[in-house]
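Visitor: Please take one part of this model and look at it closely, starting from a single side chain and working outward through its surroundings. I would like the cut-offs stated as you go.

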Amino acid sequence: MTLLSDALIAQLLGMDKVVINPGAKPTLFKKSLRYNYTVQSSEGTHAFELYTRQNQIDPDAFSCGLTFYPGPGDKGVTLTRYNGGYHVHRNPLEGDDEIRNLCHIHLATERYMVQGKIDKFAETTTRYKDLRGALTCLLADCNIAGLELDSKINDHSLQIPLFE
């Protein structure tokens, strides 16, 4: 497992990035509509993946996130993930109350990585209520350009029929 310092996490999240494949096609996996975008830092030295997931049954079951790939063949590290309020979340190292039915943003921290709980820390948010809003926030927060949410191909409300 790759351990990242809080300073490096902040640097990776803050650097300018661009989506390389804005026309990515959706896939359906376990009743979830998924998009995967290849992202790189503006200078081309860092590799990332931007992903979205939208459950086709529960509109509150959505997620989008940014994964960092430290090097070729290395396992990715999810730096941040913006979730809908479809599940209960608790920050295991904080011992705080459960987050119930609220949108929340996961953020990788050095403290949680050391404990082997890479993406278990999250804070509630009222900045979004659906996947489009979450993705808009993620793109702005992580300085990602090159993805137009208004085009049909990136319409995350697109419904693909479920095959039973």
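Guide: Tyr128 counts as buried, at 6% relative accessibility, where buried means a relative accessible area under 20%, exposed means over 50% and partly exposed is in between, computed with a 1.4 Å probe on protein chains only. Phe62 is buried too, with a relative accessible area of 1%. Since the model is predicted, local features need pLDDT of at least 70 and side-chain atom pairs count only at pLDDT 80 or more, while totals for chains, interfaces and linings use all residues. Residues are numbered from 1 along each chain as its sequence is written, and side-chain values use heavy atoms, with hydrogens and water left out.

A pair of aromatic rings is described by the distance of the centres and the angle of the planes. The structure holds four aromatic pairs, counted for rings of Phe, Tyr and Trp (its six-membered ring) whose centres lie within 6.5 Å, with planes under 30 degrees apart called stacked, over 60 edge-to-face and the rest tilted. One of these is made by Tyr35 and Tyr37, whose ring centres are 5.9 Å apart and whose planes meet at 10°, so this pair is stacked; both of these tyrosines are buried. Phe62 and Tyr128, by contrast, form an edge-to-face pair, with 6.1 Å from centre to centre and 65° between the planes. Phe62 belongs to strand E5 (residues 62–69) and Tyr128 to the loop between strand E8 (122–124) and helix H3 (131–141), so their pairing ties together parts that are 66 residues apart in sequence. Helices (H or I, at least four residues) and strands (E, at least two) are here DSSP runs numbered from the N terminus.

Ring pairs extend this arrangement into a cluster that links Phe62, Tyr82 and Tyr128. Contact meaning heavy atoms within 4.5 Å, and neighbours within four places in sequence being left aside, Tyr82 touches Phe62, Ser63, Cys64, His104, Ile105, Tyr128, Ala134, Cys137, Leu138 and Asp141.

The strands around Tyr82 can be followed in the same careful way. Strand E6 (residues 77–83) has seven of its seven residues buried, so this strand is largely enclosed by the rest of the structure. E5 and E6 run antiparallel and are joined by six bridges, two strands being counted as paired if DSSP finds at least two bridges between them. Within that pairing, Ser63 has Asn83 of E6 as its bridge partner, and Asn83 in turn has His104 of E7 as a bridge partner. E6 and strand E7 (residues 104–107) pair in the antiparallel sense over four bridges, with Tyr82 standing opposite Ile105. From E7 the connection continues to E8, again antiparallel, through three bridges, and here Ile105 stands opposite Glu123.

Two of the cluster residues reappear when the nonpolar interior is considered. The largest nonpolar core has 35 residues, and those with the most contacts inside it are Leu4, Phe48, Leu50, Leu79, Tyr82, Tyr128 and Leu147. Helix H1 (6–14), strand E3 (32–41), strand E4 (47–55), E5, E6 and H3 each supply at least two residues of this core, and H3 gives the largest share, six residues. Such a core is a set of buried Ala, Val, Leu, Ile, Met, Phe, Trp, Tyr and Cys residues joined through side-chain atoms within 4.5 Å. In soluble globular proteins, nonpolar side chains tend to be buried together.

Phe48, listed among the core residues with the most contacts, has a charged group over its ring: the charged end of Lys17 sits 5.4 Å from the ring centre, the criterion being NZ of Lys or CZ of Arg within 6 Å of the ring centre and within 35 degrees of the ring normal.

For the wider setting, the protein chain has three helices and nine strands, which read along the sequence as α-β-β-β-β-β-β-β-α-β-α-β. Of its 164 residues, 41% count as buried, and among contacts between residues at least 6 apart in sequence, 47% join residues at least 24 apart. Two loop residues complete the view: Asn143, between H3 and strand E9 (144–145), has a positive phi of about 55° although it is not a glycine, and is partly exposed with a relative accessible area of 31%. Lys30, in the loop between strand E2 (27–29) and E3, likewise has a positive phi, about 50°, without being a glycine, but counts as exposed at 69% relative accessibility.
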